[in-house]
Amino acid sequence: CEPHDINCDEDFVSIGIDSLLSIEIRRKVQNAVGLTVPYSLLFDYPTVNSLTDHLLSLTQQASPSTSE
């Protein structure tokens, strides 16, 4: 499976991500963004698009404002 083969609006569950895999993905996301995220992350944000939007929001909130 290539990254471009994934439908960004398809639920993670429908592409085979179960609760054990979601915990591993959560750990990797948490390490990548440097923020604590809930264990229910992929169930709260069940598509690539919804997860991306949420993570962007979290990282923007955590970043100091650059406007002067």
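This report describes the fold, the core, the surface and selected residues of one protein chain, as seen in a predicted model.

**Overall fold**

The chain contains three helices and zero strands. Followed along the sequence, the order of these elements is α-α-α. Of its 68 residues, 19% count as buried. The exposed area of the chain is about 5000 Å², and 55% of this comes from carbon and sulfur atoms. Among contacts with a separation of 6 or more, 53% join residues that are 24 or more positions apart.

**The nonpolar core**

Eight residues make up the largest nonpolar core: Phe12, Ile17, Val29, Val37, Leu41, Leu42, Leu51 and Leu55. Two elements, α2 (41–44) and α3 (48–62), each give two or more residues to this core.

One of the core residues is Val37, and its place is in the loop between α1 and α2. The relative accessible area of Val37 is 3%, which is under the 20% limit, so Val37 counts as buried. Setting aside neighbours within four places in sequence, Val37 is in contact with Arg26, Gln30 and Leu58. Val37 and Leu58 are 21 residues apart along the chain, and 9.4 Å separates their C-alpha atoms.

**Charged residues of helix α1**

The model has one salt bridge. In this salt bridge the side chains of Arg27 and Glu24 meet, with a distance of 2.5 Å from N to O. Both residues belong to helix α1 (residues 19–33), where they are three residues apart, and therefore about one helical turn separates them. Arg27 is partly exposed, at 38% relative accessibility, and Glu24 is also partly exposed, at 31%.

Arg26 lies in helix α1 as well. Arg26 is buried but has no salt bridge. The nearest side chain of opposite charge belongs to Glu24, 8.9 Å away; a salt bridge needs the charged atoms within 4 Å, so this pair does not count as one. Residues up to four places away in sequence aside, Arg26 touches Val37, Pro38 and Tyr39. The contact between Arg26 and Val37 thus links helix α1 with the loop between α1 and α2.

**A nonpolar patch on the surface**

Some nonpolar residues lie on the surface. Leu20, Ile23 and Tyr39 form a nonpolar patch there, and together they have about 350 Å² of accessible area. Leu20 is part of helix α1. Its relative accessibility is 65%, which is over the 50% limit, so Leu20 counts as exposed. Tyr39, another member of the patch, is one of the residues touched by Arg26.

**A buried residue in a loop**

Thr47 is located in the loop between α2 and α3. With a relative accessible area of 11%, Thr47 is buried. Neighbours within four places in sequence aside, the contacts of Thr47 are Cys8, Asp9, Glu10, Asp11 and Phe12. Of these, Phe12 is also a member of the largest nonpolar core.

**Accessibility of selected residues**

The table collects the accessibility values for residues discussed above.

| Residue | Relative accessible area | Class |
|---|---|---|
| Val37 | 3% | buried |
| Thr47 | 11% | buried |
| Glu24 | 31% | partly exposed |
| Arg27 | 38% | partly exposed |
| Leu20 | 65% | exposed |

Technical notes:
Residues are numbered from 1 along each chain as its sequence is written. This is a predicted model: local features need pLDDT of at least 70, side-chain atom pairs count only at pLDDT 80 or more; totals for chains, interfaces and linings use all residues. Side-chain values use heavy atoms; hydrogens and water are left out. Helices (H or I, at least four residues) and strands (E, at least two) are DSSP runs, numbered from the N terminus. Buried means under 20% relative accessible area, exposed over 50%, partly exposed in between (1.4 Å probe, protein chains only). Lys and Arg count as positive and Asp and Glu as negative; His and the chain ends are not counted. Contact means heavy atoms within 4.5 Å. A nonpolar core is a set of buried Ala, Val, Leu, Ile, Met, Phe, Trp, Tyr and Cys residues joined through side-chain atoms within 4.5 Å. Patches are made of residues with over 30% relative accessible area and no salt bridge: like charges are joined within 9 Å, nonpolar side chains (Val, Leu, Ile, Met, Phe, Trp, Tyr) within 5 Å. Accessible areas come from the Shrake-Rupley method with a 1.4 Å probe; for residues, only the protein chains shown count as cover.
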